[in-house]
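The following exercises concern strand pairing and residue exposure. Each task is followed by a solution in steps.

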Amino acid sequence: MQRRSIGLAAALAIASCVAGCGETDTTVAASPKLPTPLIEGFRSYQAPEEVEEALRLAGKRIAVIEDGPRRPAQAKARPPLSVRVVRVSPFELWGMGGDLRLEFIDGALSSTWFYPSDPKKFDLEAKRRSLGAEPSRPLRLEPATELRSDVDYAGARYWAWEDIHLRQKLDQWIKRNA
């Protein structure tokens with residue numbers, strides 16, 4: 001399994017280099033923010049096609065959870081916000097199984113959420129790696145990654161690596177348009 005993780009990281013690095021040489025999505029390129037590391041070789045601002053192709057090349061199964069623009073139905077003058085959410089299952093991180101959730105905002109990878117099969121064992125490994133994030137105490141990783149651990153609305157424990165600038169973009173859109 002560790003061999004697959006190395007293969008996935010290599011495929012993501014190659015895809016990132018290839019994608020960087022071509023045209024870029026204007027919604028992503030317009031942002032002055034720089035990519036920041038997320039989980040297992042992923043970087044914020046990667047395009048969905050790039051990430052999903054690398055996952056497929058690594059033999060991963062991808063399920064689309066949400067895909068499309070978010071525009072309040074009552075106000076056509078409000079700017080659209082494109083959100084794509086995919087799940088990769090199974091996914092392995094640090095030798096432990098689980099599910100991976102990837103969220104894209106306006107064509108840019110913004111966050112990665114890992115739902116470990118054994119949360120207690122994963123928490124111990126995270127602490128061993130000096131990544132002791134807790135719900136009330138997220139950890140800031142340079143240049144702009146926030147690592148946090150929490151429980152989602154369904155009661156499932158997760159660890160999230162998120163680009164703080166892209167999260168702010170989403171929060172500002174919600175504040176202006178909700």
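Two strands count as paired if DSSP finds at least two bridges between them. The model to which this criterion is applied here is a predicted one.

**Exercise 1.** Determine how many bridges join strand S2 to S3, and describe the turn between these strands.

*Solution.* Step 1: strand S2 covers residues 81-93, and nine bridges link S2 to S3. Step 2: the two strands run antiparallel. Step 3: one of the pairings sets Glu-92 against Gly-97 in S3. Step 4: S2 and S3 make a hairpin with two residues between them, and Trp-94 in the turn has a positive phi of about 55°.

**Exercise 2.** Identify how S3 is joined to strand S4, and state whether the residues of S3 are mostly covered or uncovered.

*Solution.* Step 1: eight bridges connect S3 with S4 (residues 108-116), and these strands run antiparallel. Step 2: Glu-103 stands opposite Ser-111 in S4. Step 3: the hairpin of S3 and S4 has two residues between the strands, and in this hairpin Asp-106 adopts a positive phi near 50°. Step 4: S3, residues 96-105, is mostly covered, with seven of its ten residues buried.

**Exercise 3.** Is Pro-119 buried, partly exposed or exposed, and why?

*Solution.* Step 1: Pro-119 belongs to helix H4, residues 119-128. Step 2: buried means under 20% relative accessible area and exposed means over 50%, with partly exposed in between. Step 3: Pro-119 has 27% relative accessibility and therefore counts as partly exposed. Step 4: to place Pro-119 further, its C-alpha atom is separated by 9.3 Å from that of Trp-159, a residue 40 residues apart along the chain.

Notes: Residues are numbered from 1 along each chain as its sequence is written. This is a predicted model: local features need pLDDT of at least 70, side-chain atom pairs count only at pLDDT 80 or more; totals for chains, interfaces and linings use all residues. Side-chain values use heavy atoms; hydrogens and water are left out. Buried means under 20% relative accessible area, exposed over 50%, partly exposed in between (1.4 Å probe, protein chains only). Helices (H or I, at least four residues) and strands (E, at least two) are DSSP runs, numbered from the N terminus.
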